[in-house]
Amino acid sequence: MKEMVPSPPPPLVHNQFESVRELFSRHVVPSYGRFNLALSHGTGTHVFDVAGRRYLDLGGGIAVCCLGHAHPAITEALAAQSRKLLHVSNLYYTEPQGRLAAELVRRLGAGKVFFCNSGAEANEGLFKLARKFGNDEGRFEILTATNSFHGRTLAGIAATGQDKVKKGFEPMTPGFRHIPYNDLAAARAALSPATVAILIEGIQGEGGVAPATPEYLLGLRALCDEKRLLLLLDGVQDGHYRTGRFQSFQRILEGRPEAGGFLPDGLSMAKALGGGFPMGAFWVRAPFADLLGPGTHATTFGGTPLACAVALKVLEVIERERLDENVRKLGEWLLRELKRLAETYPSVVRDARGLGFLLGLELAGKEEIPAFAAEEKPAAIQFTNRMHQAGVLVVPAGARVIRLLPPLNLKPLEAGEGISKIEEVIKSLA
Ligand SMILES: *Cc1c(COP(=O)(O)O)cnc(C)c1O
C-alpha cells in the first residue's frame, strides 16, 4: 500500500537557508562545525542572513573585519587598485608592498616584513626563520604554550598546544614542545640544548582569552637573550589595534618603564591585516631580518598589490579615525559591563576578561546551567545559538568561553545593544 501514498507537495515557500545548506552538505568538505545561519551581506557592524534578518556582528569574522562590513574606503581601495594591477608575482618590485612593509616596521621597530596569505602561513615562516637561525648549531626546537593556537597546517597543529587539533593527524611534525602559559620557571626548566625559539600569543584567543602578564613577557625576553633564543609572538588574533595598540605586547607593557625598548624577534600577523581581504605577514627584528635570503622562502600570492593597497587603506582609516582610542574607551566599558554580568549572574557567568576588543565571557559548565544540561553541545555553543536567536553574533572559544571581537569602529550605541542582548540571554538562563 505504501507506493500509493502520494508524495507531499513541494513547500510553497522556498527556504533559502535550506537550499544553501544543501549545497554544503553535498559539495563542501564538512571540516567545520557551522551554525545554522547563511549570511548574505552586511554593512558596518551588522550582517543580514538570506532571509533578510539582521544581526549585530560582535564576532567580526573572528577578529578579521576590523572596519566592519562593506566599508566604503575598503571598497574604493579594492576597486582603484584592481583597475591598475591585481598581481604580478614576487619576481618584481611593486610600490604597495614596499609601502605596507614600511608602515608595519614603523609601528613595530627596526626590521623587515615578509608577506603571505594566512596566519598559519605567517607562523610557518617564523618556524623556518627559527630553524634557519639554529641550523648551524643543530638547534631546531620551538617551545609553545599549552592552550595556544597557531594554525591548522601540519607544523601549525604541532605548534598548537591543544590535543583536539592534533588528533588523527599523527605523527606530529617534530621540533615542538609545550610549556604552561604565564609560567616563566617552566619555560626555563623546559629548555634543551636543541631549543632555538619560544613562540607565544600575547593574548591566547582560541584558548579562551588569556592575556600574558607583563612579567612573563619581560621574563621570556630576558631568558631568550640569556640563552640566545628567538622570542616569537603570534599576533594573528590580538594584533592590529585589537587591544588599543598596534600589538598586544605594546598594550600589556604600557606603564612599565623597565619594558622600554621591548621587542620580540619575530611577529606573525594576519586576520585583521587586510580588513577582510585575505593576507598574512611576519615581521623580523633587524639583527635577524636577512636570515631568510633569496631562494629560502616564497609564496605566489604574498603581498600582491591588491592585498597591500587594501591593507594600507585599513591602516590609514584606523589612524585617521583614532580607532585605537575607540577600542580603549569602549573596550574598557564593555569589560566593565561583562564583569557586572559575571557578578550579577554567577550561576551562568563565571568570569569576564580580556583587553580592548578581545573579550571573553566564561560560562558555567553545561551541567550547571539547567537549560543547557539536556543537550549534548557544550555551553559555549548553546549560548551562541541563543545569541543568534537574539540577533547577535558572538564567537565561542572552547567549551565554555564566548568571545567578543567587534570591529574597531564599533559605536557606543551598538556596544550598548550588544550588552543588553547578552544580558537578556543570560537572564533567561539564570
Ligand atoms: C586564527 C589564528 C591563526 C591561524 O590563522 P589562519 O589565517 O586561520 O591560518 C594563528 N594564530 C592565531 C593566534 C590565530 O588566532
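These are my notes on the ligand site, the sheets and a few backbone oddities in a predicted model.

**Ligand site**

I started with the ligand and asked which residues surround it. My list reads S118, G119, A120, N123, F149, H150, G151, E201, D234, V236, Q237 and K271. Sorted by character, that shell splits into three nonpolar, six polar and three charged residues. I also looked up which helix gives the most to the shell. It is α5, residues 119-134, with three residues.

Next I went through some polar contacts. D234 has a polar side-chain atom 2.7 Å from a nitrogen atom of the ligand. K271 puts a polar side-chain atom 2.6 Å from a ligand oxygen. At G119 the backbone is involved: an N or O atom there sits 2.8 Å from an oxygen atom of the ligand. Then I checked how much of the ligand is covered. On its own the ligand has 380 Å² of accessible area, and the protein covers 81% of that.

**The seven-stranded sheet**

I traced the strand order as β4-β12-β11-β10-β7-β5-β6, an open sheet with mixed pairing. Its edges are β4 (111-116) and β6 (176-179), and each of these pairs on one side only. From one strand to the next, the twist averages 20 degrees.

I picked one pair inside this sheet for a closer look. Strands β5 (residues 141-145) and β7 (residues 195-201) run parallel and are joined by four bridges. For the register I noted E141, which stands opposite T195 in β7.

Then I looked at what packs on the sheet. Helix α4 (residues 95-108) does, touching β4, β11 (266-269) and β12 (280-285). The direction of α4 makes about 130 degrees with that of β4. Helix α9 (residues 214-227) packs on the sheet as well, and its contacts are β6, β7, β10 (230-234) and β12. Against β7, the direction of α9 comes out at about 165 degrees.

I cross-checked the ligand shell against these strand ranges. E201 is in the shell, and residue 201 closes the range of β7. D234 is in the shell too, and the range of β10 ends at 234.

**The four-stranded sheet**

Here I read the order β1-β2-β3-β15, again an open sheet with mixed pairing. β1 and β15 (392-393) are the edge strands with a single partner each, so one side of each has no neighbour in the sheet. Helix α15 (residues 412-429) lies across β2, β3 (54-57) and β15, at about 105 degrees to β3.

How do β1 and β2 run, parallel or antiparallel? They are antiparallel, with four bridges between β1 (residues 39-43) and β2 (residues 46-49). L39 stands opposite D49 in β2. Their hairpin leaves two residues between the strands, and G44 takes a positive phi near 60 degrees there.

**The β13-β14 hairpin**

I then turned to β13 (residues 349-355) and β14 (residues 358-363), which run antiparallel and are joined by six bridges. In the register, A352 stands opposite L361 in β14. This hairpin has two residues between the strands, with G356 at a positive phi near 60 degrees.

**Backbone oddities**

Last, I went looking for unusual backbone geometry. Where is there a cis peptide bond? I found one joining E170 and P171, with omega about 0 degrees. P171 sits in the loop between α7 (163-166) and β6, and β6 is an edge strand of the seven-stranded sheet.

N147 also got an entry, since I wanted positive phi values outside glycine. Its phi is about 70 degrees although it is not a glycine. N147 belongs to the loop between β5 and α6 (154-159). F149, H150 and G151 from the ligand shell have numbers that fall between the end of β5 and the start of α6.

Definitions and conventions. Residues are numbered from 1 along each chain as its sequence is written. This is a predicted model: local features need pLDDT of at least 70, side-chain atom pairs count only at pLDDT 80 or more; totals for chains, interfaces and linings use all residues. Side-chain values use heavy atoms; hydrogens and water are left out. A residue is near a molecule or strand if one of its heavy atoms lies within 4 Å of it. A polar contact is a pair of N or O atoms within 3.5 Å; within protein, one must be able to donate a hydrogen and the other to accept it, and residues adjacent in sequence count only if both atoms are side-chain atoms. Accessible areas come from the Shrake-Rupley method with a 1.4 Å probe; for residues, only the protein chains shown count as cover. Ala, Val, Leu, Ile, Met, Phe, Trp, Tyr, Cys and Pro count as nonpolar, Asp, Glu, Lys and Arg as charged, and the others, Gly among them, as polar. Two strands pair if DSSP finds at least two bridges between them. Axes are lines fitted to C-alpha atoms, for helices over the stretch in contact, and angles run from 0 to 180 degrees between N-to-C directions. Contact means heavy atoms within 4.5 Å.
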